[in-house]
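Here is a short briefing on a structure for a first-year student. Look at the sequence and the 3D view, then work through the points below.

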Number of protein chains: 2
Amino acid sequence: MRVKISLTPKEGKYLTFMYRKQVEEDKSASTTILAKSFKVNPATATETLQRLAKKKLVEYTRYYGAKLTERGMVEAQRLLRKHRILEILFVKFLRYDTEKACEEASKIEYYCSEDLINTICRTYGHPDTCPCSKEIFQDSTCMGR
Amino acid sequence: MRVKISLTPKEGKYLTFMYRKQVEEDKSASTTILAKSFKVNPATATETLQRLAKKKLVEYTRYYGAKLTERGMVEAQRLLRKHRILEILFVKFLRYDTEKACEEASKIEYYCSEDLINTICRTYGHPDTCPCSKEIFQDSTCMGR
DNA sequence: GATAAATTTAGGTATTACTTAAAAATGTTT
DNA sequence: AAACATTTTTAAGTAATACCTAAATTTATC
């Protein structure tokens, strides 16, 4: 890591949302869409995009839109991995349905350590998909032991 | 619930810390002790106590100290319950040692829903002590089904 | 080119959580 | 009890996060 990335919870939510749109749905997330999704004023969405741009997590062109950078992708995947590993735990161990599992994961994903997530991941034999069949990204420190 | 209690993460930490001192160790937590424990300036501890007093969670007398109110006790127990149920999960399911379990629980306890905690609690047959043998408080909505 | 829609800028607010410096209260010592 | 030390509080800040409205600007559409 060259520069340390400090991500706020909201910024994390924006990154994963944008990742889903950009990579998994091949669309782009406009200011309006972001604002609607997060139930905030468009001005707020713009502001958050600008903060993410300052942190080099998105490439932002005013009036045009924003795209995740390589670093933004990595961060989004890191968070989505946490989210999906937690979903596995909640569905398999606590017998939650996928929707409820997703909700609970959303509440805590940001605060769970890599170590905790890796331990759950190992417990379930490094699953490669979450309960709703989306990809779970590999983590070198998790696999390598 | 007469008035809704909105607790910040830090306020929660103060409440549980004070609970442990006041109820489990029968001591009291002075401004200095709080400040040292949380590695902040004493002025900050005072400020937080005053905020807790405004929310009727502690009874605060300047220069004298603060004591948890009935409501403060309930909130502290609610958080300690979450903490200890999480410890159970981490020790029993993930084979964490008690210290590590405590650390991880501290990171997420505040953000876990009652429902999630109750589900874990039921899974382990409503345990009455945590891995370090401290009391786990009962929750009516958890037992009652 | 006018008008509509989307986006951004400017200039706010509120909350949380922290700081330093000085004042005030309390405790201790002689 | 006066002097000194310690603890605690007040006052007056700062910084970050996350939101807002209103007006300006840019882009898209008729």
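Contact means that heavy atoms lie within 4.5 Å. With that in hand, start inside chain B. The model is predicted.

**A residue inside chain B: L57(B)**

- L57(B) sits in the loop between helix 3 and strand 1 of chain B.
- Is L57(B) buried or exposed? L57(B) is buried, because its relative accessible area is 0%, and buried means under 20%.
- Leaving out residues up to four places away in sequence, L57(B) touches I5(B), L7(B), L15(B), L52(B), K67(B), L68(B), T69(B), R71(B), G72(B) and E75(B).
- I108(B) is 51 residues from L57(B) in sequence. In space, 22 Å separate the two, C-alpha to C-alpha.

**Two loop lysines with positive phi**

- K56(B) is found in the loop between helix 3 and strand 1 (58-61) of chain B.
- Phi of K56(B) is near 60 degrees, a positive value in a residue other than glycine.
- K56(B) is exposed, with a relative accessible area of 56%.
- K39(B) lies in the loop between helix 2 and helix 3 of chain B.
- Phi of K39(B) is near 50 degrees, and this residue too is not glycine.
- K39(B) is exposed, at a relative accessible area of 77%.

**Where chain A meets chain B**

- How many residues of chain A are in contact with chain B? The count is 18 residues of chain A, facing 18 residues of chain B.
- The size of an interface is often given as the accessible area lost when the parts come together.
- Chain A and chain B bury about 1600 Å² between them. Carbon and sulfur atoms carry 70% of that area.
- Three residues, F93(A), Y111(A) and L116(A), supply 34% of the area that chain A buries against chain B. No other three residues supply more.
- Two salt bridges are found across the interface of chain A and chain B.
- D115(A) forms a salt bridge with K100(B). Their closest N and O atoms are 3.2 Å apart.
- Ten residue pairs are in polar contact between chain A and chain B, counting pairs with both residues at pLDDT 80 or more.
- On the side of chain A that touches chain B, helix 4 (70-92), helix 5 (98-108) and helix 6 (114-123) of chain A each give two or more residues.
- Helix 6 of chain A gives the most to that side, with five residues.
- By class, the side of chain A that touches chain B has eleven nonpolar, three polar and four charged residues.

**Around DNA strand D**

- Which residues are closest to DNA strand D? They are T8(A), K10(A), T32(B), Q50(B) and Y60(B), out of 20 residues that surround the strand.
- Of the atoms of DNA strand D within 4 Å of the protein, 82% belong to sugar or phosphate. The rest belong to bases.
- The side chain of T8(A) has an N or O atom 2.7 Å from a phosphate oxygen of DNA strand D.
- The side chain of R62(B) has an N or O atom 3.2 Å from a phosphate oxygen of this strand.
- E47(A) has a base as its partner: an N or O atom of its side chain is 3.1 Å from a base nitrogen of DNA strand D.
- Helix 1 (9-24) and helix 3 (42-54) of chain A give two or more residues each to the surface near DNA strand D, as do helix 2 (31-37) and helix 3 (42-54) of chain B.
- The residues of that surface divide into eight nonpolar, eight polar and four charged.

**Around DNA strand C**

- DNA strand C has 20 residues around it, and T32(A), Q50(A), Y60(A), T8(B) and T44(B) come nearest.
- Sugar and phosphate make up 79% of the atoms of DNA strand C that come within 4 Å of the protein.
- K10(B) places a polar side-chain atom 2.8 Å from a phosphate oxygen of DNA strand C.
- R62(A) has a side-chain N or O atom 3.0 Å from a phosphate oxygen of DNA strand C.
- N41(B) uses its backbone: an N or O atom there lies 3.0 Å from a phosphate oxygen of DNA strand C.
- Helix 2 (31-37) and helix 3 of chain A each supply at least two residues of the surface near DNA strand C, and so do helix 1 (9-24) and helix 3 of chain B.
- That surface has eight nonpolar, eight polar and four charged residues.

How values were computed
Residues numbered from 1 in each chain as written. Chains lettered and ligands numbered in written order. Heavy atoms only, no water. Near = heavy atom within 4 Å. Polar contact = N/O pair within 3.5 Å; in protein donor to acceptor, adjacent residues only side chain to side chain. Helix = DSSP H or I, 4+ residues; strand = E, 2+ residues; numbered from the N terminus. Nonpolar A, V, L, I, M, F, W, Y, C, P; charged D, E, K, R; others polar. Buried area = accessible area lost by both parts, 1.4 Å probe. Salt bridge = Lys/Arg side-chain N within 4 Å of Asp/Glu carboxyl O. Buried < 20%, exposed > 50% of the residue type's maximum accessible area, 1.4 Å probe, protein only.
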